[in-house]
Amino acid sequence: MTETGELTYRRIHQASPELLFDCMTTPEHLTHFWGPTGTTTPVDNITIDLRPGGVFETTMVNDADGSTYTMRAVYAEVVRPDRLVWVEADVEGGMRTTITFVDLHDGRTEVVTHQTNVPAPYLSAEAQAGFVTSLDRCDAYVAALTAEHAHQPE
């Protein structure tokens with residue numbers, strides 16, 4: 001058994017918990033930010049069966065060399081718009097990701113990503129830096145979505 005650990009990432013978005021939950025659970029949204037900078041995840045490479053026991057699968061493509069990386073998970077909890085939990089059984093010990101959407105009641109939502117059973121390679125500074133670029137991409141995407149929405153006539 002290799003060493004595992006846990007990671008927590010926090011971001012505050014100028015968006016509703018509902019919008020952020022939908023961004024994390026809809027292929028048409030995820031395709032815009034899933035994966036670190038230098039990768040793309042085509043919408044056809046995303047499978048979501050949004051229910052406990054349902055499949056969550058993504059295949060990222062490396063922009064430089066075309067190599068792919070598939071993440072396979074099963075949803076453990078789906079509580080819109082508050083909480084999303086999935087387990088990656090392929091990762092030794094079953095890495096568990098819990099995303100909590102906390103309404104700050106001022107138009108902002110704090111998104112807390114907590115991972116447990118994280119294998120050593122994912123704990124490296126390089127791996128964490130890559131994950132943060134994915135969060136940055138999500139930030140930019142959500143900001144663009146909310147800006148676009150703000151400029152639409154009612």
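Let me begin with threonine 39 and its surroundings in this predicted model. Leaving out residues up to four places away in sequence, threonine 39 touches Trp34, Met60, Val61, Asn62, Asp63 and Arg137. Threonine 39 belongs to strand β2, which covers residues 39–40. Is this threonine buried or exposed? Its relative accessible area is 12%, and the limit for a buried residue is under 20%, so threonine 39 counts as buried.

One of those contacts, Trp34, leads us to the largest nonpolar core. That core has 23 residues, and the members that touch the most others are Met24, Trp34, Phe56, Leu84, Trp86 and Phe101. Which elements supply at least two residues each? They are α1 (17–25), β4 (55–62), β5 (68–79), β6 (83–88), β7 (95–103) and α4 (125–150).

Phenylalanine 56 deserves a closer look. Again not counting residues up to four places away in sequence, phenylalanine 56 touches Leu30, Trp34, Thr47, Ile48, Met71, Arg72, Ala73, Tyr75 and Trp86. Apart from the largest core, there is a second, separate core of six residues, including Leu7, Tyr9, Val91 and Val118.

I turn now to the strands, beginning with β5 and β6. These two run antiparallel and are joined by five bridges. They form a hairpin with three residues between them. Within this pairing, valine 78 has leucine 84 of β6 as its bridge partner; leucine 84 was also among the core residues that touch the most other members.

Next, β6 pairs with β7, in the antiparallel sense and over six bridges. Arginine 83 has threonine 100 of β7 as its bridge partner, while glutamate 88 stands opposite methionine 95, also in β7. The hairpin of β6 and β7 has six residues between the strands, and there glycine 93 takes a positive phi near 85°.

From β7 we pass to β8, which spans residues 109–119; the two strands run antiparallel and are joined by eight bridges. Here isoleucine 99 stands opposite threonine 113 in β8. This hairpin has five residues between its strands, and histidine 105 in the turn has a positive phi of about 60°.

Threonine 100, the partner of arginine 83, lies in β7. What is its degree of exposure? Its relative accessibility is 27%, which lies between the 20% and 50% limits, and therefore threonine 100 counts as partly exposed. Setting aside neighbours within four places in sequence, threonine 100 is in contact with Asp82, Arg83, Glu110, Val111 and Val112. As for distance, threonine 100 and alanine 147 are separated by 47 residues in sequence and by 23 Å in space, C-alpha to C-alpha.

Finally, let us consider the pockets. Rolling a probe the size of a water molecule over the atoms reveals where empty space is left. The largest pocket has a volume of about 810 Å³. Which residues lie nearest its centre? Of the 39 residues in the lining, they are Gly35, Pro36, Met60, Phe131 and Ser134. Met60 is also one of the contacts of threonine 39.

Helix α4 gives the largest share of this lining, with seven residues. In character, the lining of the largest pocket divides into 24 nonpolar, 11 polar and four charged residues. Helix α4 thus appears in two places in this account: it supplies at least two residues of the largest core, and it contributes the largest share of the lining of the largest pocket.

How values were computed: Residues numbered from 1 in each chain as written. Predicted model: local features only at pLDDT ≥ 70, side-chain atom pairs only at ≥ 80, totals over all residues. Heavy atoms only, no water. Core = buried A, V, L, I, M, F, W, Y, C linked by side-chain atoms within 4.5 Å. Buried < 20%, exposed > 50% of the residue type's maximum accessible area, 1.4 Å probe, protein only. Helix = DSSP H or I, 4+ residues; strand = E, 2+ residues; numbered from the N terminus. Contact = heavy atoms within 4.5 Å. 1 Å grid on protein atoms, 1.4 Å probe; cavity = no way out; pocket = protein on both sides within 12 Å on 5 of 7 lines; lining within 4 Å. Points joined across faces, edges and corners; volume = space filled by probe spheres on them. Nonpolar A, V, L, I, M, F, W, Y, C, P; charged D, E, K, R; others polar. Pairing = 2+ DSSP bridges.
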